[in-house]
Amino acid sequence: MRPVYSFTIVLLATLLASSAFGQKVTIPITTANMATVLQTDHNQRLKIIYTGKTLSRLSEYEQSGEVINLRSEGASSNNNAYAVAGIDNNFVEPAIAVVHADGNNSLDLRYEAHEVIDTPDGATVTKVALKDPVYPFFVDLYYKAWREKDVVEQWCVIRHDEEGEVVLHKYASANLYLYNKEYLLTSYNGAWAREMQPAETPLRQGMHTIESRLGTREHLLASPNFMLALDGQATETTGTVMMGQLAWNGNFALQFETDVYKNLHIVAGINPYQSAYHLKPNVSFETPRFVYTLSFEGKGKASRNLHAWLRDHTLLDGHGERLTLLNNWEATYFDFNQDRLVSLFEGAKELGVDLFLLDDGWFANKYPRNRDNAGLGDWEVNRAKLPDGVPFLVHEAEKQGVKFGIWIEPEMVNPKSELYEKHPDWVIKQEQRPEIYFRNQLVLDLTNPEVQDFVFGVVDDLLTENPTLAFMKWDCNAPIFNGHSSYLERENIPQSHLYVEYSRGLQNVLKRIREKYPMVPMMLCSGGGGRSDYNLLRYFTEFWLSDNTDPLERIFMQWDYSYYYPAITMCSHVTNWSNRPLKYRVDVASMGKMGFDIRTNELSERDMTFAKQAVQNYHDYKGIVWHGEMYRLASPYEHDIASLIYVNEAKTEGVMFNYLTNWRYLAEPSLRPVKLQGLDSDKLYRLTEINLYEGANTPITGQKIYSGEFLMNVGFNPLVSSSRSSVVVKVEAVK
Ligand code: DGJ
């Protein structure tokens, strides 16, 4: 870490000096547009006195506490910067709860010092040191502010110097306090094939929690993403919106507690469910990061902030290329052999995609993986199906001009497997209770370093044997049930560490993989969209949103995912899940990272010609979709049409996607022009419809030229109708 700007050092010195004289210390954490201000009270307790727009006079931040009304007895703790449990002046949900080495369960945290550091990656980190006045127990609060992105990452590091272990019963990453008075929360619950279902909850007095306790495949139940409209409804372009996520591959809890003052207290972190953590002296416990942005120009800006932050600072190869692909899962399921696979390569080549992805079913011999009830864990190629092994397939695909990728699910095991027979103690289960299966399988115990080696080995062996293997799909279908680890038991580590150490174990493996194979693209998949957290996306290039690939469903799902994730991360495949027109399926897949999962030999010549052209078009504009800015123009939740545009940085090129979402006769007349966004008012643009069947006519021929000003104020009519149910339009600035 580099030292701070000189002004910060001066400011810091002044602030510290005031603290020495018993005055308040004010710590503004700012980005270009948003600020959170911390301030000590006369007891050196740290408070949040403001969260909102940045102020131009730095000196006025310290006055923001003066307008707060938290005067009744007890309420002074409501705005604590990190609420504690166990002292009697705390009326609110704690961010931290501990039992000290001597059995005492009280905690008080007082401000000690703070420092502000510019980091080499271009952010500013504010670290605030808190300490218990009675116990040698320390919490450092971290705020990493990304100035231009208006994104803050918040986390903390907990340690102590007591004689013995301190048990952390709760250890949140972040504690926020908002004074906005009106809050509309959007959260997302789900189920298989119904991931990311939005629900809006106006927050009234009391607690609303978003949480998952599944251990793995966490988002099956709920997503760790949230959106808060502050001060009334927000639109894509107006209103104050906070959006964010707890970046953690494991159990999470996001608590929204509205108090009697109509202020909102947010506590976000690892879910304390069954997770009391025994912390040894002088060992630091670092919490995951809580990531959020605040936009004063509506939801669209908030999304673009998160997209930019993710691509620039978190996502693996965020600015790189991605591989379009043909997957065989829905095309064959488990029913394939070498010849059948080889015959599919031709389809990939003909379509013009980059890669063939071999899915589940290629491994295990004693208990062949011919269904989902056997073989998981036995990662040797199935000799009956694939006598010449994976290297043959890789070479054969390459010979035909496509790369080759492969599916794995290395964290899991079928009870019917050699792995289970050899290493029953590698499996998470309660010995004395019946096993509980999810998709006929159990979870391997990643707290165990030997299991970590094994999981690393699955990837390493494949890449060692096949150095040109170009892609991996990493699946994870079962949650953790009957949570018990024989490794932790052997090592005398409390079972309540299981969830945390599992998540850390998985990260260890992924770190090792990335040290050895920094860039091999990997898709994060979890029985559909069971995993997509920002933490795992440090190791993955993309994720699978859902097994539900009905394009109409995907329009809604991708809409909701798009608040938090840029298109480059969103794997979007054309399948036969629904019988909607091929064009509709292809056009929907084109607004993400495109792939196919169909039997290409069953396409008519006309369909194949169309699909090939659409893939070619996609290759031409994919850079705009992956690296450009996204603007949601018409919501399928509010209209009978969904419309989005991706625009390049120079605002010279864009691609607009429009889809009919309601086939009722009544719907059509209500379709209106769509106002574009993200263009340059002063530029002139040509709009041309693409992705058309051979010989099809279009009214959008590129002959008319419109100004950016016209397109963004009057709008453009893509002429969506039941006979034109999806319309893709290329937008090009005219020189
Ligand atoms: C679940 C995934 O979501 C599917 O895409 C597929 O890979 C299957 N698992 C394979 O078992």
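What follows is a short chat about the ligand site and the nonpolar cores of a predicted model.

Colleague: Before we start, what should I know about the model?
Modeller: It's a predicted model, so local features need pLDDT of at least 70 and side-chain atom pairs count only at pLDDT 80 or more, while totals for chains, interfaces and linings use all residues. Residues are numbered from 1 along each chain as its sequence is written, and side-chain values use heavy atoms, with hydrogens and water left out.

Colleague: OK, which residues are closest to the ligand?
Modeller: Asp359, Asp360, Lys473, Asp475 and Asp547, out of 13 that surround the ligand (a heavy atom within 4 Å).

Colleague: How does that shell divide into nonpolar, polar and charged?
Modeller: Four nonpolar, three polar and six charged. Here Ala, Val, Leu, Ile, Met, Phe, Trp, Tyr, Cys and Pro count as nonpolar, Asp, Glu, Lys and Arg as charged, and the others, Gly among them, as polar.

Colleague: And how far is Asp547 from the ligand's oxygen?
Modeller: A polar side-chain atom of Asp547 sits 2.5 Å from a ligand oxygen. A polar backbone atom of Gly528 is 2.8 Å from an oxygen of the ligand.

Colleague: How much of the ligand does the protein cover?
Modeller: 98% of the 300 Å² of accessible area that the ligand has on its own (Shrake-Rupley method, 1.4 Å probe).

Colleague: Switching topic: how many residues are in the largest nonpolar core?
Modeller: 132, with Trp362 and Phe404 among those with the most contacts inside it. A core joins buried Ala, Val, Leu, Ile, Met, Phe, Trp, Tyr and Cys through side-chain atoms within 4.5 Å, buried being under 20% relative accessible area (1.4 Å probe, protein chains only).

Colleague: Which helix gives the most to that core?
Modeller: H12, residues 605–627, with ten residues (helices are DSSP runs of H or I, at least four residues, numbered from the N terminus).

Conventions
Buried < 20%, exposed > 50% of the residue type's maximum accessible area, 1.4 Å probe, protein only. Helix = DSSP H or I, 4+ residues; strand = E, 2+ residues; numbered from the N terminus. Polar contact = N/O pair within 3.5 Å; in protein donor to acceptor, adjacent residues only side chain to side chain.
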